[in-house]
Amino acid sequence: MPAPAIDAVDLTKRFGRTAAVDAADLRVEAGELVALLGPSGSGKTTLLRLLAGFEVPDAGRVAIGGRPVAGEGVWCEPDRRRIGMVFQDGALFPHLTVADNLAFGRPRQGRAGECLELVGLAARASAYPHELSGGERQRIALARALAADPAVVLLDEPFTALDEALRVELREEVALILRAAGASALLVTHSQQEALSLADVVVVMREGRVVQVGPPEQVYGAPADRWVAEFLGDADVVEGHAVDGTAETELGRFAAPGLRGAVEIVLRPERVALGPEGRNVDGVPGRVVRRSYFGHDQLVQVELASGTRLRARTEGSLPWRPGDAVRVRVTGPVVVLAGGEVPEPAAESA
Ligand code: ATP
């Protein structure tokens with residue numbers, strides 16, 4: 001097994017009384033694309049800066065490509081860490097051509113041409129940064145990062161400055177390029193969509209701590225707690241009571257292995273189905289409160305008799321209207337969490 005591209009253990013960084021990064025562990029295996037996801041102020045940038053060597057940790061240690069670079073008496077300067085960086089704005093030298101940007105500070109020319117090929121911009125080698133589109137500049141920045149043959153590429157919100165359509169196109173392209181290069185990469189982002197759609201592994205941060213690590217399907221489908229559930233996508237919560245591994249709720253019974261007492265059922269809107277009110281129709285009675293139509297689908301908010309509100313994401317063509325009487329059903333697996341104190345839900349979304 002090759003050494004992990006990044007192995008950071010128990011990293012802590014304080015600014016005054018704030019622990020910007022608080023005993024965080026982070027691992028990127030060789031060849032893996034990992035997304036570091038969290039709301040604003042959760043410590044992503046600080047963690048990235050600790051890995052890159054722009055900050056000195058108060059505690060913990062970092063190894064890059066199997067080599068210790070910080071902590072336990074070791075310190076290695078940023079330019080000796082075998083890290084490639086891609087910043088939000090590309091950070092190319094405006095007075096140098098693409099080829100010279102790639103060659104800057106490097107005695108060997110070898111991989112620069114190869115990396116320009118890889119990002120599909122070999123024909124623009126003699127262009128200046130201002131002659132390139134925003135997306136092209138980011139691809140050049142990626143080529144420059146890869147040309148140094150780094151142990152890991154760190155990407156700091158690289159798509160934020162681009163407009164929506166270009167952002168989606170470029171992020172898919174960047175993921176393909178990184179995979180084609182066999183590179184290991186850590187992508188810092190506050191966009192749930194970006195993290196879920198690109199990464200092999202998502203690391204979720206909150207208030208300086210790593211609160212969950214797993215493949216996209218796992219962090220979305222089996223969130224560690226209510227905060228993660230609500231941060232990663234639309235979620236509504238129904239209270240319940242568990243006895244003998246089964247939770248009773250106003251929406252019916254759900255398996256709640258290992259749980260007793262108060263529980264919370266976290267429902268993603270795509271797991272909630274609506275049907276017309278009527279006899280012999282399955283489901284719990286409810287009333288439509290609001291509908292947002294998106295063409296390909298719609299988000300319908302319904303209120304149950306108890307006053308509980310839920311959202312259902314359903315096929316777009318069914319014209320539900322506020323006030324319609326409906327039957328509400330849960331389809332497919334749900335997340336059942338132990339009830340009790342929960343942190344405030346995240347205010348951000350993608
Ligand atoms: P964003 O997505 O907004 O960039 P982030 O998740 O990257 O946020 P950080 O920038 O790492 O979060 O900040 C984490 C915490 O540390 C915040 O409370 C921030 O105010 C604080 N912080 C970061 N850098 C410094 C600094 N140089 N001096 C003082 N406090 C800092």
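**Reading strands and a ligand shell**

Mentor: Let's start with one pair: Leu337, in strand 21, is the bridge partner of Glu264. Keep in mind that we're looking at a predicted model.

Trainee: OK, so how do strands pair in general, and which way do strand 15 and strand 21 run?

Mentor: Strands of a sheet pair through backbone hydrogen bonds, and they can be parallel or antiparallel. Here, strand 15 and strand 21 (residues 335-338) are antiparallel, with four bridges between them.

Trainee: Which other strand is joined to strand 15, and by how many bridges?

Mentor: That's strand 12 (residues 236-243), joined to strand 15 by seven bridges, again antiparallel. To find one of those spots, look for Ala242, whose partner in strand 15 is Gly261.

Trainee: Is strand 15 mostly covered or mostly exposed?

Mentor: To judge that, check how much of each residue's accessible area is left: under 20% counts as buried. Strand 15 (residues 261-267) is mostly covered, with five of its seven residues buried.

Trainee: Now the sheet further along. In what order do its five strands sit?

Mentor: Read across the sheet, not along the chain. The order is 16-20-17-18-19, the sheet is open, and the pairing is antiparallel. At the edges you'll find strand 16 (272-276) and strand 19 (309-315), each pairing on one side only. From one strand to the next, the twist averages 45 degrees.

Trainee: How many bridges join strand 18 to strand 19?

Mentor: Seven, with strand 18 covering residues 297-304 and the two running antiparallel. Val300, for instance, faces Ala312 in strand 19. As you trace a strand, remember a general idea: in a regular strand, side chains alternate between the two faces of the sheet.

Trainee: And the ligand? Which residues are around it?

Mentor: Among them are Phe15, Thr18, Ala20 and Pro39, plus the run Ser40, Gly41, Ser42, Gly43, Lys44, Thr45 and Thr46. Sorted by type, the shell has three nonpolar, seven polar and one charged residue. Strand 2 (18-28) and helix 1 (44-52) each supply at least two shell residues, and helix 1 gives the most, with three.

Trainee: Which atoms of Ser40, Gly43 and Lys44 should I zoom in on?

Mentor: Look for N or O atoms within 3.5 Å of each other. A polar side-chain atom of Ser40 is 2.6 Å from a ligand oxygen. For Gly43, a backbone N or O atom lies 3.0 Å from an oxygen of the ligand. For Lys44, the side chain has an N or O atom 2.9 Å from a ligand oxygen.

Trainee: How much of the ligand's area does the protein cover?

Mentor: The protein covers 56% of the 630 Å² of accessible area the ligand has on its own.

Definitions and conventions. Residues are numbered from 1 along each chain as its sequence is written. This is a predicted model: local features need pLDDT of at least 70, side-chain atom pairs count only at pLDDT 80 or more; totals for chains, interfaces and linings use all residues. Side-chain values use heavy atoms; hydrogens and water are left out. Two strands pair if DSSP finds at least two bridges between them. Axes are lines fitted to C-alpha atoms, for helices over the stretch in contact, and angles run from 0 to 180 degrees between N-to-C directions. Buried means under 20% relative accessible area, exposed over 50%, partly exposed in between (1.4 Å probe, protein chains only). A residue is near a molecule or strand if one of its heavy atoms lies within 4 Å of it. A polar contact is a pair of N or O atoms within 3.5 Å; within protein, one must be able to donate a hydrogen and the other to accept it, and residues adjacent in sequence count only if both atoms are side-chain atoms. Accessible areas come from the Shrake-Rupley method with a 1.4 Å probe; for residues, only the protein chains shown count as cover. Ala, Val, Leu, Ile, Met, Phe, Trp, Tyr, Cys and Pro count as nonpolar, Asp, Glu, Lys and Arg as charged, and the others, Gly among them, as polar.
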